Amino acid sequence: MPTKAYTDTSHLIEIPRIPDARGNLSFVQNGATGVPFDIARTYWIYDVPADADRHGRALHHTAEIIVPLAGAFDVALDDGHGGTRRYHLDRPYRGLYVPPMRWRVIDNFATNSVAFVMASTIYDAGDYISDYRDFKAEAADNTADNTADNAHQASDTDSRQPQPADAIHADTATDVHKTSSVNGCRLIDLPRHIHAHGSLTVAQNDAAIPMEIRRAFYIYDVPADTARGGHSHHNSRQMIIAVGGSFDVTLDDGVQRRTYTLNRPYRALYVAPGIWRTMDNFSSGSVCLVLTDTTYNESDYVRDYGEFTKLATPKQPDTRHI
Ligand code: T46
């Protein structure tokens, strides 16, 4: 599997931050500037005890972007050729790009930190190198184009083009709102790996989840008593996760309403298209992570409840085979 499609050096990535009175929102999506791969896997690390060192490892072929969704931690990188670099990550709008073949140790976790990782491959145990001597031997075997981290500036070799916006179905007779139902939404318990040095939960583009991940966005610094959401989507499928703290999500299909309290970092609320959602009751310091199958497109939103009601009622039976 080729590794050279990726930028060769680790570097920080500035992630868009959209502030408003309801808190901050940042997003990472396929094709965005500074995102040199399509997201295949996401995972997040939480409940890390103070002073816990997560063991080091390297990945043969996988590139990653690591973002501190909450708190702070350090990532120490080693390219196997004498190049070492330590990054302190403490801003949710600043991620660290890590190319393949970097030995990395994540440590110095502040209490209640959440490390969010987007990876270029789905999980493959064979891609992992967990012995530093094996890593050094493989790095030495690699050809000279494997440059040292501390000797080079990042050079973006990404040649991908931004993806076209997803098509929006605005035909009121066939729009998904006509058949959408809160019964098509559900809680999904994602795999949870519990260790003495913290917990890890994975959502990746495989059959375990009902959608493909193309964008991740997260909402943080939400002031108490703030409500967010208040819209539906024509196309977008979402998985909403409380990776820190808790909040309520109310789903409305125009006929039925259902409220979920999200407060487990391993439990995702799957929200089908055509469902009006509002979020409120955010606990202090909470972080809402949303994985979605579309890149951002404002025309995918229905932001007016009157318009939503017109689209969503009367309900027609859903004849799709799902
Ligand atoms: C949802 C709930 C749970 C972007 O530029 N890119 C993005 O990926 C997103 C999600 C938003 N934005 C912009 C659009 C607005 O100017 O960020 C601003 C705030 O977005 P919005 O008012 O839609 O934020 P919320 O919290 O009300 O809704 C968000 C999502 O937009 C929505 O899809 O389901 O979270």
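Let me start with R104, which counts as buried at a relative accessibility of 2%, in a model that, I should say straight away, is a predicted one. This arginine is found in strand β10, and what I would like you to look at is where its side chain goes. One polar contact of the R104 side chain is with the side chain of E64, at 2.6 Å, and the side chain of R104 also reaches the backbone oxygen of R102, at 3.1 Å.

From R104 we can step out to the sheet around it. Strand β10, where R104 is found, belongs to an open sheet of 5 strands, whose order is β8-β7-β10-β5-β12 and whose pairing is antiparallel. The edges of this sheet are β8 and β12, the latter covering residues 128-129, and each of these two strands pairs on one side only.

Now, how many of the residues of strand β7 are buried? For β7, which covers residues 73-78, it is 6 of the 6, and therefore this strand is largely enclosed by the rest of the structure. If you follow the strand residue by residue, you will find that both of its faces are covered, with F73, V75 and L77 buried on one side, and D74, A76 and D78 buried on the other.

The neighbours of β7 can be taken one at a time. Towards β8, which covers residues 84-89, there are 6 bridges, and the two strands run antiparallel. Along this pairing A76 stands opposite R86 of β8, while D78 stands opposite T84. The two strands form a hairpin with 5 residues between them, and in the turn G80 has a positive phi of about 85 degrees. Towards β10, which covers residues 103-107, β7 is joined by 5 bridges, and this pair of strands is antiparallel as well. Here the bridge partner of D78 is W103, so to speak the other neighbour of a residue that we have just seen standing opposite T84 in β8.

Let me turn to the ligand. Which residues are closest to the ligand? They are R215, R228, G229, H233 and Y301, out of 17 residues that surround it. For three of these residues I can give a distance to an oxygen atom of the ligand: a polar side-chain atom of R215 lies 2.5 Å from such an oxygen, a polar side-chain atom of R228 lies 2.5 Å from one, and for a polar side-chain atom of Y301 the value is again 2.5 Å. Taken alone, the ligand exposes 640 Å², and of that area the protein buries 88%.

As for where the shell comes from, at least two of its residues are supplied by each of β3 (23-29), β16 (215-220), β17 (228-233) and β22 (276-280). The largest share, 4 residues, comes from β17. Sorted by class, the shell around the ligand has 8 nonpolar, 4 polar and 5 charged residues.

Next come some details of the backbone, for which a general remark is helpful. Most residues other than glycine have a negative phi, and most peptide bonds are trans. Against that background, please look at D221, which has a positive phi of about 55 degrees although it is not a glycine. This residue is found in the loop between β16 and β17, two strands that each supply at least two residues of the shell around the ligand. Is D221 buried or exposed? At 52% relative accessibility, D221 counts as exposed.

N281 is another residue that is not a glycine and yet has a positive phi, here of about 60 degrees. The place to find N281 is the loop between β22 and β23, the latter covering residues 287-292, and with a relative accessibility of 53% N281 counts as exposed.

There is also a cis peptide bond, which joins T313 and P314 and has an omega of about -10 degrees. P314 itself is placed in the segment after α2, a helix that covers residues 305-312.

I will finish with the cysteines. How many disulfides does a search of the whole structure find? The search finds 0. Among the cysteines, C185 is buried, with a relative accessible area of 4%, and C288 also counts as buried, at 0% relative accessibility.

Note on methods: Residues are numbered from 1 along each chain as its sequence is written. This is a predicted model: local features need pLDDT of at least 70, side-chain atom pairs count only at pLDDT 80 or more; totals for chains, interfaces and linings use all residues. Side-chain values use heavy atoms; hydrogens and water are left out. A residue is near a molecule or strand if one of its heavy atoms lies within 4 Å of it. A polar contact is a pair of N or O atoms within 3.5 Å; within protein, one must be able to donate a hydrogen and the other to accept it, and residues adjacent in sequence count only if both atoms are side-chain atoms. Accessible areas come from the Shrake-Rupley method with a 1.4 Å probe; for residues, only the protein chains shown count as cover. Ala, Val, Leu, Ile, Met, Phe, Trp, Tyr, Cys and Pro count as nonpolar, Asp, Glu, Lys and Arg as charged, and the others, Gly among them, as polar. Buried means under 20% relative accessible area, exposed over 50%, partly exposed in between (1.4 Å probe, protein chains only). Two strands pair if DSSP finds at least two bridges between them. A disulfide is a pair of cysteine sulfur atoms within 2.5 Å.
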